[in-house]
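Please open the structure in your viewer and keep the sequence panel visible. The tour proceeds by selection, one stop at a time.

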Amino acid sequence: MRKEFLRSLTAAKVAFVFSLAWSAVEADSDAANASYVAHLAGLNSKVTGSTASGEARFTIKGDSLTIQIDANGLPPGMMHLQHFHGFTDNHEANCATAAADANGDGIIDLLETEPMSGTTMVPFHDDPVSMQIVNDTYPKASANGSYHYEKTVSLSALKAAFAKAFNDPALDLDRRVVYIHGIFPATKLPASVASLDDIPAQVTLPIACGKIEKVSQ
Ligand SMILES: [Cu+2]
């Protein structure tokens, strides 16, 4: 009887110690340090007149997430919306291709990106944690059509805000894509080019996209 008790106690202890060690390993590889990159390629360059390109980097150190986006070849001297887009059911998002042009008008508008890229999720402006998509603090391209954006946020605060918006605390960066939007307000677009609500299509038109990938350490 006593032997039996000792044996089960030992087994329980081993399981306990193992679970402690396992959660330490998990916390280490998951949260402490990770980095992600997206190589941005131009979209709708026929409309913008130049091909945008750039790179987005996401660096996680403990509870801090630093977002850095370098872009060039953008319509100069104006603000550009930028976000990560993805699917609320967490399936993998991809950048829209020419095949996304459902109405065949030669332009891939924001709504046409949705089947491949999902919905607008986290904004990259002065306050990403606000999750506010309509905002006037997105970066402005210089006279030569480039910008460097950099913002560090609390990862736990962003996850909490993300969970509130999408019922899921996992950012799943490697299943998302980064989009940069916006062409000159005066650019003529066919009426077939759609946008969100009453936001002009010139503001939301996608001009660059890149798939986020985890950088192996
Ligand atoms: Cu976007």
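The stops below lead from the whole chain to a core and then to one helix.

Begin with the entire protein chain, which is a predicted model. Colour it by secondary structure: there are 5 helices and 8 strands. Followed along the sequence, these elements appear in the pattern α-β-α-β-β-β-α-β-β-α-β-α-β. Of the 217 residues in the chain, 32% are buried. Among contacts between residues at least 6 apart in sequence, 70% join residues at least 24 apart.

Next, select L40, V178 and C209. These residues have the most contacts inside the largest nonpolar core, which has 40 residues. Now add the strands β1 (33-42), β2 (53-61), β3 (64-72), β5 (119-123), β6 (147-154), β7 and β8, each of which supplies at least two residues of this core. In soluble globular proteins, nonpolar side chains tend to be buried together.

Stay with V178. Which residues does V178 touch, leaving aside those up to four places away in sequence? They are A38, L40, A56, Q82, F84, C209, G210 and I212.

Then move to helix α3, residues 110-117, and select its buried residues: L110, E112, T113 and S117. Look down the axis of α3: these buried residues line one face of the helix, because they fall within an arc of 150 degrees. To see what covers them, display the surrounding elements, including β4 (82-86), β7 (177-181), α5 (201-204) and β8 (206-215).

Finally, select G118, just after α3, where phi is positive at about 80 degrees.

Definitions and conventions
Residues numbered from 1 in each chain as written. Buried ≥ 20, exposed ≤ 12 C-beta atoms within 10 Å, placed from the backbone. Helix = DSSP H or I, 4+ residues; strand = E, 2+ residues; numbered from the N terminus. Arc of directions from axis to C-beta. Contact = placed C-beta atoms within 7 Å. Core = buried A, V, L, I, M, F, W, Y, C linked by C-beta atoms within 7 Å.
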